[in-house]
Amino acid sequence: MTEALKSEIFTPESEEQVLEALQWAVSEHAPVEIYGHGSKRAIGRPLQVAHSIDLSRLTGVTLYEPEELVLTARAGTALDEIEALLAQNNQELQFEPMDYRALLGSDDCGRGTIGAVLATNQSGPRRLKAGAARDHVLGIRAVTGRGEIIKSGGRVVKNVTGYDLSRGLSGSWGTLAAFTEVTFKVLPRAETEATLVVSGLNDAEAAHIMAEAMGSSAEVSSAAHLPESVRAKFIGGALPEGAASVLRIEGFAQSVDYRLSNLHKAFSRYGACQRLEVEESRTLWREIRDVAPFCDGTQKPVWRLSMAPGAGHQLVAGLRLQTGVDAFYDWQGGLVWLRMEADAEDDLIRRGIKALGGGHATLIRASGAVRNQIPVFEPKEPALGALSRRLKDQFDPESVLNPGRLSAEL
């Protein structure tokens, strides 16, 4: 390992080697970039570091008990490998981790690692029902910026010992610790699914019916609205003409048929309704998850906005009066994927969000120059910013882990 430390890229294959690399970084006050496959390296402020730790060789599923619904894997294990293993037992990660490669133009690398899934707290269209990665993690092992190994949680669903570091470190983007092993709860995959498409609604009407659907007894697992400007870019243009409001139903076949039939009867008064069967439905929600309309090979800024479900379409309407934007809505309208036609317009977006009750705006795609100039992640209020600073000081006092990725202050 001594010779390897002279290199700019460290490729540990064990937790002990991760520990050794970070202890060296701390002793030398040498900042390092932490990554797995690198599929999300273009998110966040560009890092100015000479060294990096590539965790993609820290691989392997160390525990999988399908009957207990538990899986443990080393942090660099490929997400595709884990999903293929789960599929053999008709199980899945229900929070639907996203594939950023096409959106970010990083198709030359792997889809991502299981450690990065937790580090970025990923989730997909099913978040309304299933939550995000942090809601499914049971335990972690990690190496902090102090050069110390920590562990939290365990391999059982109920674990109440100590602080919940497993969840606390989720979404920290490698700025507090480098995961070496993660344990997740896994769940059975639905027997089948279908999607009801309600055509021709404007954004405000769609927000209304999505709220009605989510409050119904149909147990809708996902609700999204695809305006006319993006509708043709899903499932090969097979969606009906006009804007498409889409509602996913999952479960046993007979139950899916019954619940979707009730939705069809309830919503046919709003517009023409059509049913998508299982394969088209799964393709559609995968494309919604991966932001297919904006995977255009450009660097046009793409924002991920989290707001109250009834406020997203109001923000987009206001922005369209001032600048060029395109958008579609997930999470019942509470998640807005927004592409700017020119500048990132962060002040305009964040002022609009604040005026409509608050929320979060994250710049997912932009050039490195733009990401250096404006806050990529939502700026924190002073009290929360001070807490973040204290956490950074506790876990990474020398600021060696992904320094400045979340904000210049960190």
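The following legends describe close-up views of two pockets in a predicted model.

**View 1. The largest pocket and the residues nearest its centre.** This pocket encloses about 1,400 Å³ of space. Its lining is made up of 50 residues, and those lying nearest the centre are Gly171, His360, Phe377, Glu378 and Lys380.

**View 2. Secondary-structure elements around the largest pocket.** Two or more lining residues come from each of the helices H6 (165-168), H10 (278-289), H12 (346-355) and H14 (382-395), and from each of the strands S15 (302-307), S17 (335-340) and S18 (359-365). Helix H14 supplies the largest share of this lining, with 6 residues.

**View 3. Residue classes in the lining of the largest pocket.** Nonpolar residues number 21 in this lining, alongside 16 polar and 13 charged residues.

**View 4. The second largest pocket and the residues closest to its centre.** The volume of this pocket is about 490 Å³. It is lined by 19 residues, of which Glu83, Glu92, Glu96, Arg189 and Arg289 are the closest to the centre.

**View 5. Secondary-structure elements around the second largest pocket.** Helices H2 (79-88) and H10, together with strands S6 (91-92) and S13 (244-251), each give two or more residues to the lining. The most is given by H10, which provides 4 residues. Helix H10 is also among the elements that give two or more residues to the lining of the largest pocket.

**View 6. Residue classes in the lining of the second largest pocket.** This lining comprises 12 charged residues, 6 nonpolar residues and 1 polar residue.

Conventions: Residues are numbered from 1 along each chain as its sequence is written. This is a predicted model: local features need pLDDT of at least 70, side-chain atom pairs count only at pLDDT 80 or more; totals for chains, interfaces and linings use all residues. Side-chain values use heavy atoms; hydrogens and water are left out. On a 1 Å grid over the protein atoms alone, a cavity is a set of points where a 1.4 Å probe fits but cannot get out, and a pocket is an open set with protein on both sides within 12 Å along at least five of seven lines; lining residues have an atom within 4 Å of a point. Grid points are joined across faces, edges and corners, and a volume is the space filled by probe spheres set on the points. Ala, Val, Leu, Ile, Met, Phe, Trp, Tyr, Cys and Pro count as nonpolar, Asp, Glu, Lys and Arg as charged, and the others, Gly among them, as polar.
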